[in-house]
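This report describes one protein model with its ligands. Please look at the sequence and the structure before reading on.

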Amino acid sequence: MIRVVATGTFDILHPGHLYYLEESRRLGDELSVIVARDANVKHKPRPILPEAQRLRMVQALRPVDHALLGDLHDMFRPIAEIRPDIITLGFNQHFDEERLQQKLRDRGLDADVVRIPGYPGSLASSSKIIERILNTRGPASPNGPVGEE
Ligand SMILES: Cc1cc2nc3c(=O)[nH]c(=O)nc-3n(C[C@H](O)[C@H](O)[C@H](O)COP(=O)(O)O)c2cc1C
Ligand SMILES: Nc1ncnc2c1ncn2[C@@H]1O[C@H](COP(=O)(O)OP(=O)(O)OP(=O)(O)O)[C@@H](O)[C@H]1O
């Protein structure tokens, strides 16, 4: 039984998320997904959707066997509980594979870290979808919010 763990924020789902999770699941027999806590998303604007909603949607995706909210303080705690054989990183996740692998070893965890490539498409990105909404429906757009002068 090969256990795989994937991680991410998953704010506003798109085909890039699905591709990352499908490719992660293909590497093993069981895929667990750790969804980032609202309070821990500090490297970019806070998610639009609250963590419980992001979790519920990830849980419903076909490649996903289990989904859980991450720990608030220690990112290695869920990993220590799941004990995966493989941890996948998405193409734009800001972790260095070797440093992460070393930190895992330091904690007595011997998962392999595998980088999954990107899925093409200008709207395969939560931030690009938000940008498009603002450009096409925001107050300054030609189709700005209905009912506003
Ligand atoms: C091995 C690993 C474990 C993680 N565990 C947690 C966690 O327990 N709690 C959490 O809030 N974020 C955790 N994260 C971070 C997020 O799930 C996510 O990867 C990070 O916020 C980068 O988000 P993005 O790629 O969605 O932008 C973990 C990331 C990795 C690589
Ligand atoms: N187009 C894509 N192709 C492959 N993997 C992707 C793609 N978009 C996101 N992922 C992966 O899905 C996981 C969750 O991504 P995340 O929630 O950061 O979405 P995002 O669309 O990259 O967000 P943002 O645009 O705000 O950076 C990460 O591992 C990320 O690398």
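The text below goes from the overall layout to the strands, the two ligand shells and some single residues.

## Overall layout

The model is predicted, not determined by experiment. The protein contains five helices and five strands. Along the sequence these elements follow the pattern β-α-β-α-β-α-β-α-β-α. Taken along the principal axes, the C-alpha atoms fill a box of roughly 60 × 30 × 25 Å. Of the 149 residues in the protein, 24% are buried. Contacts also link distant parts of the sequence: among those between residues at least 6 apart, 72% join residues at least 24 apart.

## A pair of strands

Strand β2 (residues 30–35) pairs with strand β3 (residues 66–69) in the parallel sense, over four bridges. Between β2 and β3 the chain passes through helix α2 (residues 51–59), and this β-α-β crossover is right-handed. At the level of single residues, Val 33 has Ala 67 in β3 as its bridge partner.

## The two ligand shells

Which residues are closest to each ligand, and how do the shells divide by class? The table sets the two shells out.

| Shell | Residues in shell | Closest residues | Classes |
|---|---|---|---|
| Ligand 1 | 17 residues | Thr 7, Thr 9, Asn 40, Gly 70 and Met 75 | eight nonpolar, seven polar, two charged |
| Ligand 2 | 19 residues | Gly 8, Gly 16, Gly 90, Ala 124 and Ser 127 | six nonpolar, 11 polar, two charged |

Parts of the shell around ligand 1 come from β1 (3–8) and α3 (76–82), each of which supplies at least two residues. For ligand 2, α1 and α5 (126–137) each supply at least two residues of the shell. Helix α1 gives the most to the shell around ligand 2, with four residues.

## Residues listed in the record

An unreviewed UniProt entry lists Thr 9, Phe 10, His 14, Pro 15, Gly 16, His 17, Asn 92 and Tyr 119 under "binding site". Thr 9 is also among the residues closest to ligand 1, and Gly 16 is among those closest to ligand 2.

Two of the listed residues can be followed further. Pro 15 lies in helix α1 (residues 15–26). Leaving out residues up to four places away in sequence, Pro 15 touches Tyr 119, Gly 121 and Ala 124. Tyr 119 is itself on the UniProt list, and Ala 124 is one of the residues closest to ligand 2. Pro 15 counts as partly exposed because it has 13 C-beta neighbours inside 10 Å.

Asn 92 sits in the loop between β4 (86–89) and α4 (97–106). Is Asn 92 buried or exposed? With 10 other C-beta atoms within 10 Å, Asn 92 is exposed, since a residue with 12 or fewer falls in that class.

## Helices α4 and α5

Helix α4 is hardly covered: among its 10 residues, the count of buried ones is zero. Just after α4, Gly 108 takes a positive phi of about 75°.

Ser 127, one of the residues closest to ligand 2, lies in helix α5. It is exposed, because there are 11 other C-beta atoms within 10 Å. Ser 127 and Lys 44 are 83 residues apart along the chain, and their C-alpha atoms are separated by 9.4 Å.

Technical notes. Residues are numbered from 1 along each chain as its sequence is written. Chains are lettered from A and ligands numbered from 1 in the order in which they are written. This is a predicted model: local features need pLDDT of at least 70, side-chain atom pairs count only at pLDDT 80 or more; totals for chains, interfaces and linings use all residues. A residue is near a molecule or strand if its C-beta atom, placed from the backbone, lies within 6 Å of it. Ala, Val, Leu, Ile, Met, Phe, Trp, Tyr, Cys and Pro count as nonpolar, Asp, Glu, Lys and Arg as charged, and the others, Gly among them, as polar. Two strands pair if DSSP finds at least two bridges between them. A crossover is right-handed if, with the strands pointing away from the viewer, the path from the first strand over the helix to the second runs clockwise. UniProt positions are given in the numbering used here, feature names are shortened, and annotations may be inferred rather than shown by experiment. A residue is buried if 20 or more other C-beta atoms lie within 10 Å of its own, exposed if 12 or fewer, and partly exposed in between; C-beta atoms are placed from the backbone. Two residues are in contact if their C-beta atoms, placed from the backbone, lie within 7 Å.
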